Amino acid sequence: MTTRIYLLIKIFDKEEYADAFIQKGELFCKTLGDFKKSDEEDGRGDRFEAVTDWHQPDQIKLTITFKDKDGVEKTVPIEKLAGPLTIQNNGYDRLNIYCMYAVKAPEFEESYESEEERVAIVEKINRMLKEKSTLIDEVLSLGEFAVVVYQVEDFIGRVKKAAQEKNYACWNGLIGYYDPDTFHGSFKELETVFRKRNIYEHQNEYRFAFGSHEPEGKKVIHLGSLDGIAIKVPTREINEKIQLKLVE
């Protein structure tokens with residue numbers, strides 16, 4: 001099923017950061033390594049960023065090989081692992097990341113044969129849109145100030161253009177979430193940068209990842225004013241002031 005992104009939202013701790021974002025299009029991009037080291041309590045850090053392999057303990061076999069005092073090589077199985085075996089590619093740590101909350105919903109296509117059915121369909125779609133655009137407390141608590149981007153394609157285009165002008169590689173897309181208790185497998189190449197455990201699923205993250213030949217560290221990218229494609233809103237008022245609705 002195709003998913004459509006209706007809004008992108010960035011939540012800030014300080015109003016000055018929100019102002020810099022909407023007035024100058026300022027993207028402050030930490031490295032993936034920074035997010036791996038950050039405190040997970042605030043919902044932003046994740047030590048399992050860029051996991052390339054996640055293997056359940058009951059689906060793999062590990063052995064340890066050693067030589068005894070007589071120089072004879074011996075192999076012993078390692079059993080009853082405490083948790084999944086994970087592998088991470090630290091080469092991705094230098095990528096710069098910009099994260100946003102995506103208000104998204106499945107594309108809808110409905111048909112009807114009567115006015116009564118049409119009204120019912122519109123009501124159903126609007127209920128779905130309201131549900132999908134309502135931010136939960138865990139997201140609202142990330143900061144007091146938010147900028148809501150309502151011209152999503154325009155915004156993404158500006159990010160790509162700004163990256164190109166700085167000679168940065170740019171990848172972007174929705175984060176896909178997996179269940180760490182049941183998933184067993186691997187992610188290919190940059191796919192790993194866009195996969196996270198489902199304990200973060202409530203964040204509905206849309207991510208930009210930038211690569212450059214500059215020294216590793218935080219980067220700032222400017223898009224120019226976002227006037228006309230975004231608005232600033234107190235975070236706690238988003239659910240009241242921002243509503244998606246099918247106009248008849």
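Helices (H or I, at least four residues) and strands (E, at least two) are DSSP runs, numbered from the N terminus. The model is predicted, so local features need pLDDT of at least 70 and side-chain atom pairs count only at pLDDT 80 or more, while totals for chains, interfaces and linings use all residues. Residues are numbered from 1 along each chain as its sequence is written, and side-chain values use heavy atoms, with hydrogens and water left out.

A good place to start is Thr 192, found in the loop between strand 11 (185–186) and strand 12 (195–197). Its relative accessibility is 0%, so Thr 192 counts as buried (under 20% relative accessible area, with exposed meaning over 50% and partly exposed in between; 1.4 Å probe, protein chains only). Beyond its neighbours within four places in sequence, Thr 192 is in contact (heavy atoms within 4.5 Å) with Ala 50, Val 51, Thr 52, Tyr 92 and Phe 187. The side chain of Thr 192 also reaches the backbone oxygen of Ala 50, at 3.3 Å.

Phe 187 turns up again among the aromatic residues. There are 11 aromatic pairs in the structure; rings of Phe, Tyr and Trp (its six-membered ring) pair if their centres lie within 6.5 Å, and planes under 30 degrees apart count as stacked, over 60 as edge-to-face and the rest as tilted. In one of these, Tyr 178 and Phe 183 have ring centres 5.3 Å apart and planes at 50 degrees, so the pair is tilted. Tyr 178 also forms a tilted pair with Phe 187, at 5.4 Å centre to centre and 50 degrees between the planes. Tyr 178 and Phe 187 are both buried, whereas Phe 183, at 21% relative accessibility, counts as partly exposed.

Elsewhere, one aromatic cluster is formed by Phe 12, Phe 21, Tyr 98, Phe 155, Tyr 206, Phe 208 and Phe 210. The charged end of Lys 10 sits over the ring of Tyr 98, 4.3 Å from its centre (NZ of Lys or CZ of Arg within 6 Å of the ring centre and within 35 degrees of the ring normal). Likewise, the charged end of Lys 196 sits over the ring of Tyr 200, 4.2 Å from its centre.

Phe 155 of the cluster leads on to helix 5, where the buried residues are Val 152, Phe 155, Ile 156, Val 159, Ala 162 and Ala 163. These residues cover an arc of only 125 degrees around the axis, which puts them on the same side of helix 5; the arc is that of the directions from the helix axis to the C-beta atoms. On the other side of helix 5, Glu 153, Lys 161, Gln 164 and Glu 165 are exposed. Just after helix 5, Asn 167 takes a positive phi of about 60 degrees.

Technical notes
A polar contact is a pair of N or O atoms within 3.5 Å; within protein, one must be able to donate a hydrogen and the other to accept it, and residues adjacent in sequence count only if both atoms are side-chain atoms.
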